Amino acid sequence: QVQLVESGGGLVQPGGSLRLSCVASGITFSLYTMTWYRQAPGKERELVASIISGSTTVYADSVKGRFTISRDNAKNTVYLQMDSLKFEDTAVYYCCSQRVRTYWGQGTQVTVSS
């Protein structure tokens, strides 16, 4: 079956960095658009960054210039490098694979706090 497993979340101070990873299995990874979403307490889930099967990327305005999405098709892995983290980046971050069907990971908590 399809599995998306995120890792790399944690507690970081404002201005710090984290790198999230999401390993996919059960899909032909290179054919899928991979997207990171996040959901903060009391808020709706929002798109953070997306990378299409090649190298085309899309970012939310709130993270442009601070976050970088990338993928390694040989490792079935998508990454989210998060720099200059802010309090408002605190959320559960979810990995999502999209093609004909959409699959979700279980999420990883990112907390930005001093």
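Two strands pair if DSSP finds at least two bridges between them. In this predicted model, four strands form an open antiparallel sheet in the order β1-β3-β8-β7. The edge strands are β1 (3-7) and β7, each of which pairs on one side only. From one strand to the next, the twist averages 15°.

**Strand β7 and Arg-71**

Six bridges join β7 to β8, and the two strands are antiparallel. Within this pairing, Arg-71 stands opposite Val-78 of β8. Arg-71 itself belongs to strand β7. What is the nearest side chain of opposite charge to Arg-71, and how far away is it? It is Asp-72, at 8.4 Å. A salt bridge requires a side-chain nitrogen of Lys or Arg within 4 Å of a carboxyl oxygen of Asp or Glu. Arg-71 is buried yet has no salt bridge. Its side chain instead has backbone oxygens as polar partners: that of Ile-51 is reached at 3.3 Å, and that of Ile-52 lies 3.1 Å from a polar atom of the Arg-71 side chain.

**Strand β4 and its partners**

Five of the seven residues of β4 are buried, so this strand is largely enclosed by the rest of the structure. β4 pairs with β9 in the antiparallel sense over seven bridges. In that pairing, Trp-36 has Cys-95 of β9 as its bridge partner. β4 also runs antiparallel to β5, to which five bridges join it. The two strands β4 and β5 make a hairpin with six residues between them, and Gly-42 in the turn has a positive phi of about 75°. Arg-38 stands opposite Glu-46 of β5, and the side chains of these two residues also meet in a salt bridge.

**Salt bridges**

The structure holds four salt bridges. Three of them are listed here with their N to O distances.

| Residue pair | N to O distance |
|---|---|
| Arg-38 and Glu-46 | 2.6 Å |
| Lys-64 and Asp-61 | 3.1 Å |
| Asp-89 and Arg-66 | 2.7 Å |

The pair of Asp-89 and Arg-66 links distant parts of the chain, 23 residues apart: Asp-89 is in the loop between β8 (77-82) and β9 (91-98), and Arg-66 is in the loop between β6 (57-59) and β7 (67-72).

Are Lys-64 and Asp-61 buried or exposed? Both are exposed. The other two pairs in the table have buried members. Residues under 20% relative accessible area count as buried. Asp-89 is therefore buried, at 0%, and Arg-66 is buried because its relative accessible area is 10%. Arg-38 has 5% relative accessibility and so counts as buried, whereas Glu-46, at 36%, counts as partly exposed.

Which residues are linked in a network of salt bridges? They are Arg-38, Glu-46, Arg-66 and Asp-89. This network brings together the hairpin pair Arg-38 and Glu-46 with the loop residues Arg-66 and Asp-89.

**Nonpolar core**

In soluble globular proteins, nonpolar side chains tend to be buried together. In this model the largest nonpolar core has 29 residues, and those with the most contacts inside it are Met-34, Trp-36, Val-78, Leu-80, Met-82 and Tyr-93. Two or more residues of this core come from each of β3 (18-25), β4 (33-39), β5 (46-51), β7, β8, β9 and β11 (108-112). Which element gives the most to the core? β3 does, with four residues. Two residues from this group of most-contacted members also appear in the strand pairings above: Val-78 stands opposite Arg-71, and Trp-36 is the bridge partner of Cys-95.

**Strand β11 and the N-terminal region**

Gln-109 is found in strand β11, one of the elements that contribute to the core. With 39% relative accessibility, Gln-109 counts as partly exposed. The C-alpha atoms of Gln-109 and Ser-7 are separated by 9.0 Å, although the two residues are 102 residues apart along the chain. Ser-7 falls within the range of β1 (3-7), an edge strand of the open sheet.

Conventions. Residues are numbered from 1 along each chain as its sequence is written. This is a predicted model: local features need pLDDT of at least 70, side-chain atom pairs count only at pLDDT 80 or more; totals for chains, interfaces and linings use all residues. Side-chain values use heavy atoms; hydrogens and water are left out. Buried means under 20% relative accessible area, exposed over 50%, partly exposed in between (1.4 Å probe, protein chains only). Lys and Arg count as positive and Asp and Glu as negative; His and the chain ends are not counted. A polar contact is a pair of N or O atoms within 3.5 Å; within protein, one must be able to donate a hydrogen and the other to accept it, and residues adjacent in sequence count only if both atoms are side-chain atoms. Axes are lines fitted to C-alpha atoms, for helices over the stretch in contact, and angles run from 0 to 180 degrees between N-to-C directions. A nonpolar core is a set of buried Ala, Val, Leu, Ile, Met, Phe, Trp, Tyr and Cys residues joined through side-chain atoms within 4.5 Å.
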